[in-house]
Amino acid sequence: MFDFKSAAQRQRGLFRFRVSLAVLAVLVAFSVLGARLWVLQVQDHEGLLSRADSNRTAVLPLPPRRGDIMDRNGELLARNALTYTLAAVPAEMGDADELLEQLSEFIFLNDYQRKRFRRQLGESGRYAEVPLRNDLTDTEAAYFAAQSFRFPGVSLKARWVRQYPQGQAAAHVVGYVGRIAESDIKRLEATNALGNYRGTDVIGKKGIEKSWEHVLHGTTGIESVEVTSRGRPMRTLHRIDPVPGGNLVLSLDMRLQRIAEEAFEGRRGALVAIDPRNGEVLAFVSQPSFDPNLFVDGIDHESWRALNESEDFPLINRPVYGTYPIGSTFKPFVALAALANGKRQADTRIYDPGYFELGKTRFRNAGSVAYGNVDLHKSLVVSSDTYYYSLASEMTIDSLHDFMKPFGFGQKTGIDLDTERQGVLPSTEWKKKSFKKKEQQRWYPGETVSVLIGQGYSAFTIMQLAQATAVLANGGDYFKPHLVRTSQNLTDGTRDVVSTTPTHSLGLDPDHVRAVTEALEEVTITGTARRAFKDVAYPVAGKTGTAQLFNLKGSQYNKEEVDERLRDHSLFMGFAPSKDPTIALAILVENAGWGSEIAAPIARRVMDAWVLRERTPLAESSPP
Amino acid sequence: MISLFNLLLRGVRAIDWPLFLIAALLCAMGLLVLQSAVGGTDWRFADQSRYFVIAVAIMWIVAIVPPAWLARVAPLAYGVALALLIGVMFFGETSKGATRWLDLGIARIQPSEIMKIALPLLLAWYFQRREQRLTAFDFLLAFVLVAIPFFLIVRQPDLGTALLVGVSGIAALYFAGLSFKLVVPAVVLVMAGVGTVLFFEDSLCAPQTDWVVLHEYQKGRVCTLLDPTTDPLGKGFHTIQSTIAVGSGGLYGQGYMSGTQAQLDFVPERTTDFIFAVFAEEFGLYGALTLLVLFALLIIRGLVIASRATDTFGRVLAASLSVVFFVYVFVNIGMVIGLLPVVGVPLPFFSYGGTALMTLAVALGLLMSISRHQPVLDSR
């Protein structure tokens, strides 16, 4: 008992010693706080008081003007419009009812605005600005300006609001700005750019607005102002001007863009047209579209639901986000691969009985047509599947993969847009990585057969197909595709031109390219695209395609019987004029059936618009 | 009737009056300053008044509970708090770049707040159980129990709360008798670390320097403290404006509701983390020192309760909770007057916000429970 007691007492003694130390630490720490307070409030008091009181300076951010976005001809796609906002400071405005009464003599205020004003009066500080109305008309603003002496504490604020004059046209290219959200703040904080966004309330959310945010936004200036004891700015003490954001000139041609969009006639799909000489994107269509203006001030719930829940997915940027099997439009590239690998000569003939047998599996031609003896030229003109199926026994999937990769298939093209997806260019390695089960990781020869005609595991974006087509069109030079041609610095008038030198050359054999191109020309004369290109005034090289979505298991495909959403995609790839091409394009129309019926006529209209205008002397601007 | 009277008597006896009066005085001052900070009586003032009533009720209920019961729920409290913290990691709601909140369907809670109480509770319980048999291993285990929630909260990221939780745990280790052979070098090491940061400011704050364990924004906060003028529009703004506010207060202050810095919106976050700037501007050095004295009294009262407690549980819990109060006050005021980096730590009883206040109420209730439930008979 005695023993225990002494132990307990000793423990208590030790604990009390530790507590005493803690008390000492608290007193020391608080003394430090006290000392610092003394320094601030007694020693530096004069200086700090003068900063706070008689010479109260406010550091105000001067938000920069956001850069405009225009097409290659100077047509505006995004601009800033000045709107007027009326706001009141509660401490200075007098009686609220009286104010509303007098203001409504010449400014329209609806019930909602009045209610909101009263509610916010109760919620905000005496010196905070409470908005009365946004978007005043010029007349209202002018009236108020003349009468403003009657309304102390009420001020007219000019505010820049982003506008997209083209509406739905090219909406997926331009994108939109929206209020700065928490995720944006986090990102800005991480890059130490948040300070630059003080005073700015919107940021690029999609499209060029997002991917070129760093140029469009500009640099926020700082203004130190002297303010009165009531917080009114008196005079500027120091000012660093904001640097306005750069204007962007796109390679897009809005005239061509509109023609291309109209050519879809309301169908869903994607189109990308590229100048094969420099990688400039001339038209970039994603249908259906949306109105980006809805997003600028925060989209209302109803419109958001309508857009987001639509089965047509208007918000999706199809050319870069949608990945599709590209069907027969893949064949020209496979033909090049066969030539390059020495597996086939241009004049090698393959007998096509309408099907190809691999083991016990029979792969049929579309429509089960038998074409007889087929060489490379004919294989493209009539689109013989068997000619390409049979390559499966001559080429490995990996050699095909290695040939296609430099074209950009299954790779991000690096176009200056957000949300680009990579797609799938199948290889044995890819399959090993993508599947978990051992037996699924193996590559089967039958799978190569489907890939050779652009089906199977392959999934490419239309952007990739357009890019590959451009590479083929110029004979093997890879230019990184881009939408922005130049950015203009408004302060010093300088222009930054986006580089248009090829990033790499594929080293294609000109003879091979010529053989394929001649076959593709024939496609538009006597082949599958002959109707769409009837009487065309310039030579066109192209290939139609039909991509199966629905596994028919050997039965006949009947367009009318298959559910509309499961019908085949209609595709076209091509370039014109086929000698010295100025435009290369890829088109996909979702669930539209045969490529020759739907996609090829769209290509005709776009090519006509570009190639023919370029030849007329009236053209306001021709591409370089 | 008698029983009701007895119940009331028990209720009154459950209160530790010195602690209660100091806290009540602080609350009253807090409401006064909040009214000035919001520029009149608006919804925040009404909210905060309501929170105070709820806080008193919570404090009272906790105070009535005997410490033995508290010890019994300690492991459960810690387990639940830890589970919720892990839940935040996967299902948390993100706001202003940090994932701190968890929506349980009925209410949105901030598990890190619960941890502030649960951790000292658990450690006090653990050291009580291992009394007389403590080995180095016990301290190692206890350290791990502190480190897990600490890093979970740092990850959110919420450096301020992590700091409070970490300090409460380390304090518990110290009061449970962690050898001075470890305490002294640790204190020296921390001092040396802070010294190094101050000395090598320039190279440390160079943009290319990566601080490995800290987030970029946390690095920014430290560097902004070292030289606020580097980012006058961004992070430095808070510190510059709050020191101007405090300094312009002078000896006697600008007068209630008349601090121009606060009233004209120059002090950022003036109802929450930076409310001390409003107070110091309007009440001056005398007011600020009074406030410091009151807080010191509160903390010392807590430590007195600890030293009077008869068992390890009471001692360790009361002492570490007192240290939590100290860290709250020191870090908050230190940050407002530009001594410490801007971390999100509110000023107890002053900053607007219900969640933190409830945590404080529970802490006060625990202190009272320990203070008022000294066993008449020695439990052994």
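**Exercise 1. Find the bridge partner of A:Met573 in β25(A), then place the strand pair in its sheet.**

Step 1. In this predicted model, A:Met573 is bridged to A:Ala586 of β25(A). Strands here are DSSP runs of E with at least two residues, helices are runs of H or I with at least four, and both are numbered from the N terminus.

Step 2. Widen the view to the strands. β24 (residues 569-576) and β25 (residues 583-589) of chain A pair in the antiparallel sense over seven bridges. Pairing requires at least two DSSP bridges between two strands.

Step 3. Add the neighbours. The open sheet has five strands, in the order β14-β13-β25-β24-β23 of chain A, with antiparallel pairing. β14 (280-287) and β23 (541-547) of chain A each have a single partner strand, so one side of each lacks a neighbour in the sheet.

Step 4. Check the twist. Neighbouring strands of this sheet are turned by 5° against each other on average, direction ignored.

Step 5. Add the helices. Helix α11 (residues 254-263) of chain A packs on the sheet, touching β13 (269-275) and β14 of chain A. Its direction makes about 30° with that of β14(A). Helix α23 (residues 510-525) of chain A touches β23 and β24 of chain A, at about 70° to β23(A). Contact means C-beta atoms, placed from the backbone, within 7 Å. Axes are lines fitted to C-alpha atoms, for helices over the stretch in contact, and angles run from 0 to 180 degrees between N-to-C directions.

Two conventions apply throughout. Residues are numbered from 1 along each chain as its sequence is written, and chains are lettered from A and ligands numbered from 1 in the order in which they are written. As the model is predicted, local features need pLDDT of at least 70 and side-chain atom pairs count only at pLDDT 80 or more, while totals for chains, interfaces and linings use all residues.

**Exercise 2. Describe the backbone of the loop between β24 and β25 of chain A.**

Step 1. Look for cis bonds. The peptide bond from A:Ala576 to A:Pro577 is cis, with omega near -20°. A:Pro577 sits in this loop.

Step 2. Look for positive phi. A:Asp580 also lies in the loop. Its phi is near 55°, positive although the residue is not glycine.

Step 3. Is A:Asp580 buried or exposed? It counts as exposed, because it has 10 C-beta neighbours inside 10 Å. The cut-offs are 20 or more other C-beta atoms within 10 Å for buried, 12 or fewer for exposed, and partly exposed in between, with C-beta atoms placed from the backbone.

Step 4. Compare a second cis bond. A:Gln287 and A:Pro288 are joined by one, with omega about -5°. A:Pro288 belongs to the loop between β14 and α12 (293-296) of chain A.

**Exercise 3. Work out the surroundings of A:Gly175.**

Step 1. Locate the residue. A:Gly175 is in the loop between α7 (171-174) and β6 (176-179) of chain A.

Step 2. Assess burial. A:Gly175 is buried, because 27 other C-beta atoms lie within 10 Å.

Step 3. List contacts. Beyond four places in sequence, A:Gly175 touches several residues, including A:Gly204, A:Lys205 and A:Pro292. The C-alpha atoms of A:Gly175 and A:Lys205 are 7.0 Å apart, with their positions 30 residues apart along the chain.

Step 4. Follow the strands. β6(A) and β7(A) pair in the antiparallel sense over four bridges. A:Gly178 is opposite A:Ile203 in β7(A). In β7 (residues 202-206) of chain A, five of five residues are buried.

**Exercise 4. Characterise the packing of α5(B) on α15(B).**

Step 1. Give angle and distance. Helices α5 (residues 111-129) and α15 (residues 354-372) of chain B pack at about 10°, with axes 10 Å apart.

Step 2. Classify. The two helices α5(B) and α15(B) are therefore roughly parallel; that class covers angles under 35 degrees, with over 145 roughly antiparallel, 65 to 115 roughly perpendicular and the rest oblique.

Step 3. Name the residues. B:Glu113, B:Lys116 and B:Ile117 of α5(B) meet residues of α15(B), among them B:Thr355 and B:Val362.

**Exercise 5. Judge the confidence of the model.**

Step 1. Start with the complex. The predictor gives an ipTM of 0.89 and a pTM of 0.61.

Step 2. Take each chain. Chain A averages a pLDDT of 86, and chain B averages 84. pLDDT is the predictor's confidence in each residue, from 0 to 100.

Step 3. Flag weak stretches. In chain A, pLDDT stays under 50 over residues 550-556 and over residues 617-624.

Notes:
Two residues are in contact if their C-beta atoms, placed from the backbone, lie within 7 Å.
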